[in-house]
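This report describes a protein chain from its overall make-up down to selected side-chain pairs. The sequence and the structure come before the details.

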Amino acid sequence: MKVQRSPNLLSFVVSLSGWITSVLMPLVAQPVWAQSTRTAPITASTEASADSTQLITKGQVVEPIKKIQQLKQIKRPISSAQMLLVQSPTPQTVPTPELVQVTGVKANPTSKGLEVILQTSKGQELQISNRSAGNNFIADIPNAQLRLLSGEAFTFRSQKPIQGVTQIIVTNFDASTIRVTVIGEASLPAVELYDSPNEGLIFSVVSAASSAQQPQTPPTPEPSQPSAQNDEPIELVVTGEQDGYGATDASSATRTDTAIRDIPQSIQVIPRQVIEDRVITNPDDTVRTVSGVIPSNPSYEGGLSSFSIRGFDSGSNVLRNGVREVDSGSVSRNDLTNIERVEILKGPASVLYGQGSLGGAVNIVTKQPLRDPFYNLEFLAGSYNLYRGAVDFSGPLNDSKTVLYRLNAFYQDSDTFIDFSRNNRWLVNPVVSWQISPNTKLTIEGDVSKTVSQTSAGLPAFGTVLPNPNGKIPINRFIGEPGDFETFSYARIGYDLQHQFSKDWSVRNVFRYEISKRGGGGFTAASSLDPDGRTLNRFYFDGLTPKKEDTTKGFIVATDLTGKFQTGSIKHTLLFGTEVYNTERTNNEYITGDAGPLDLFNPVYGSPRGAVEDRGNNPQSGAFVGVYLQDQIAFADNLKLVLGGRYDWANQDSNDLIANTKTSQSDQAFSPRVGIVYQPIQPISLYASYSRSFNPNSGADANGNLFEPETGTQYEVGIKGDLSNKLSVTLALFDLTRSNVLTTDPNNSNFSIQTGKQSSRGIELDISGEILPGWSIAAGYAYINARISEDNDYAVGNRLVNAPENSFGLFSSYKFQSGSLEGLGLGLGLFYVGEREGDLNNSFQLPSYFRTDASIFYKRDRLRAAVSIKNLFNVDYYESSSDILRVFPGEPVTVQGTISWQF
């Protein structure tokens, strides 16, 4: 199908690219590696004796396939419809080859050893270069990626699959190359290559015993027979989850398939493996190994999740599969059961996702359906009467595997270390994907969840982090009433439709409808502390009727058109998109009043509520539209430029049904981004970027002028390095400025003006991946200087709340690779958070703390068991604070154990 391109859009891109080319092309006229040449491919150790043969799988003969020529038979580069093993071509200007998607990897035994199948319908388009050295057979496929139909990258490993081979690894070497490695015990393994229209690309690995007995002219493979111990041949199937602690890409940063090393922005990914090895279930806990990210709410509270990123609260910057959440608080209610990984985008994300915090965004990537049957049952128990059960089922719904499903569900009930406090949660998350045609895929996903929470609203600073004449307040003290509770119900349904027009042009359309409800018996919280240091005055907050729950509902529609083209030798990846979302909040009628005092050191509960002193009913609605354009320009393999811009229109209405008033506000904002990446050598990326954000304000000043949106500006430079193909590091320096912050009008204290400014400057270092076989690490350190720059309410120079100057998080694990301990793993977590200010007045500080976690886990065949200990040495610490009456203690020593069975 031909795509008609817009003449206006194309001429604009060509003109812009021509101008940029004239400025930047002299810088890359001679790339660093342009004068080097590749080593000649190395011949595999086994020769083919026939042009064709038959592939034998599970004892049956299938469609004939053509055997690939051996390297020494090839005299020059060859281009053919058949799959050929080729030498590296002489450098020349050629069209960029299409990336072939390998959707799975299988390993099946044969009479000679083992065959590894790279499953793809485009096996004939693959290009292969041999990089073998020593005892390692290494083949690079420079125009392919390991990706499930869901888009998830994965890695395949097989330990000691046959005699003479210690390991087989199939992994994404970089953003466009698959590397197949077969490690021999004492010599270079014997490998034959085939391609099959039905199966894909096949690597046939000959065992040492078979190779020793093999005649000079290898016979046609015979049907493989099951071993005596098995009823059918062994079949190792990739489940699709990202392997290890490292990640090579994060599509949410550009909304395109781009390697992290090619993005001029600091991006950190917490893969599923880290989540499992740490044995955590709350999204707040995942960020502790990421530099500059601090949870703002304690993980035991079970309320809304919030993070401080680079000194600023993350606010509404929560994405789900690369599309914003209508209700950002839903992330905490999703738990981690159905989450595949968590991506942290540092700095403004408004250029692609509209309004949001300056500090960064959190992208939640959910688990997607798998092509092969997968069933997992899990049970977890732990301290404070924690009990939890979860299921994860997936597989095909038809024989052709074009319709797949996945079902994640869990139920959890627990107390907390705080008296009378408990949480009850459950979630059901079904997903169905339909590969309508080779170029079209539809995914439908929905989930329903509910949380019933009875939590404390923190403790006063006097008696926790400040001296109190009565002594220290016990951290398990509950300041509410035992009958207090809140419910959070959530439901969503939507689809994700993707279509590939051609190898260069594709479109994605996402729709999601969400509804959340907040109800229950309300809560009781502190209003003031008497001079005696022990009498806490309290107020209550409650909805009027349980049947009229505070409801937020809305929908979002996002459409992305992505295309690749060239202007001369310059490559472009163009993204054009639109985003429309609406929200409506209703039934948020409430009442408040005095709740009777509480003695913090000798509490007596059950005081009657006082008369209603205030009530409110403020329905709200909003309509938002955004249009964005982005061009990723590759002037050369080592120089890339990202240009992007987005224009947003925001309309918000607020009704006060008690006062019978209505206010409306409309805002517009333009959010640009420009970034450049230069790679002096292949493993190193140097980058610099400039970007802006916006966040609408509500209200008006004393003259009746509506407030302009808050704006944010960031400058960032950094270095990304691949210390090995499994270990990466990022060093970033940033300077952020938040403007148009509301502050009190000095001429009229009943109104505000927009003269406030805040700034954050700092340096971050992150490292993740595998150091040595079995030894993995995820760690981050940050130095952040986040302060008030201009304000009429607070002193200039005051530090921002919950923004430590120094913070450090590390989790490292070691998994035994062989011997009697194979399958056993040990993990250690070290988390340091420096002193933080408790409020913008800087009237008190939260002391620094150092927490140690540990875990031990075992995985063999279908069984996985793990035990984790949080706060191993039971240190007293305080996680965060809202103000001088609300300081949240950290969790004491906590033990959790989990066991799961896959079948």
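The text below covers the chain as a whole, then a sheet, aromatic pairs, salt bridges and backbone angles.

**The chain as a whole**

The structure is a predicted model. Its chain has 903 residues, and 52% of them count as buried. The secondary structure consists of 52 strands and six helices. Among contacts with a separation of 6 or more, 66% join residues that are 24 or more positions apart. The accessible surface of the chain is about 37700 Å², and carbon and sulfur atoms account for 54% of that area.

**One open sheet**

Five strands form an open sheet in the order 15-21-22-19-20, and the pairing is mixed. At the edges are strand 15 and strand 20 (323-324), each of which pairs on one side only. Strands of a sheet pair through backbone hydrogen bonds, in either the parallel or the antiparallel sense. Strand 15 pairs with strand 21 (residues 339-346) in the antiparallel sense, over four bridges. Within this part of the sheet, Gln268 has Ile344 of strand 21 as its bridge partner.

**Aromatic side chains**

The whole structure contains 18 aromatic pairs. One of them joins Phe137 and Phe203 in an edge-to-face arrangement, with 6.3 Å from centre to centre and 70° between the planes. This pair links distant parts of the chain, since Phe137 belongs to strand 7 (residues 136-141) and Phe203 to strand 13 (residues 200-206), 66 residues apart. Both Phe137 and Phe203 are buried.

A second pair consists of Tyr245 and Phe811, whose ring centres are 6.4 Å apart; the planes meet at 35°, so the pair is tilted. It also links distant parts of the chain: Tyr245 is in the loop between strand 14 (236-237) and strand 15 (267-270), while Phe811 is in strand 44 (residues 806-815), 566 residues apart. Tyr245 and Phe811 are both buried.

Tyr375, Phe393 and Phe903 make up one aromatic cluster. Charged side chains also sit over rings. The charged end of Arg179 is placed over the ring of Phe173, at 4.1 Å from its centre. Lys720 lies over the face of Tyr687, and here the distance to the ring centre is 5.3 Å.

**Salt bridges**

A search of the whole structure gives 43 salt bridges. Three of them are listed here with the distance between the closest N and O atoms.

| Salt bridge | Closest N and O atoms |
|---|---|
| Arg255 and Glu579 | 3.7 Å |
| Asp372 and Lys401 | 2.8 Å |
| Asp853 and Arg851 | 2.7 Å |

Arg255 and Glu579 form a salt bridge. Arg255 is located in the loop between strand 14 and strand 15 and Glu579 in strand 32 (residues 570-586), so the salt bridge ties together parts that are 324 residues apart in sequence. Are these two residues buried or exposed? Arg255 has a relative accessible area of 11% and is buried. Glu579 is buried as well, at 0% relative accessibility. Both belong to a network of salt bridges that links Arg255, Asp560, Glu579, Arg646 and Asp648.

The salt bridge of Asp372 with Lys401 links distant parts of the chain: Asp372 is in the loop between strand 22 (360-366) and strand 23 (374-382), and Lys401 is in the loop between strand 24 (386-396) and strand 25 (403-415), 29 residues apart. Asp372 is buried, as is Lys401.

Asp853 and Arg851 form the remaining salt bridge of the table. Asp853 has a relative accessible area of 7%, which means that it counts as buried. Arg851 is buried too, with a relative accessibility of 6%.

**Positive phi angles**

Which residues other than glycine have a positive phi? One is Lys401, where phi is about 60°. As noted for its salt bridge, Lys401 lies in the loop between strand 24 and strand 25. Another is Asn660, with a phi near 60°. Asn660 lies in the loop between strand 37 (639-656) and strand 38 (661-678). Lys401 is buried, whereas Asn660 counts as exposed, at 68% relative accessibility.

Notes
Residues are numbered from 1 along each chain as its sequence is written. This is a predicted model: local features need pLDDT of at least 70, side-chain atom pairs count only at pLDDT 80 or more; totals for chains, interfaces and linings use all residues. Side-chain values use heavy atoms; hydrogens and water are left out. Helices (H or I, at least four residues) and strands (E, at least two) are DSSP runs, numbered from the N terminus. Buried means under 20% relative accessible area, exposed over 50%, partly exposed in between (1.4 Å probe, protein chains only). Contact means heavy atoms within 4.5 Å. Accessible areas come from the Shrake-Rupley method with a 1.4 Å probe; for residues, only the protein chains shown count as cover. Rings of Phe, Tyr and Trp (its six-membered ring) pair if their centres lie within 6.5 Å; planes under 30 degrees apart count as stacked, over 60 as edge-to-face and the rest as tilted. A charge sits over a ring if NZ of Lys or CZ of Arg is within 6 Å of the ring centre and within 35 degrees of the ring normal. Two strands pair if DSSP finds at least two bridges between them. A salt bridge is a side-chain nitrogen of Lys or Arg within 4 Å of a carboxyl oxygen of Asp or Glu.
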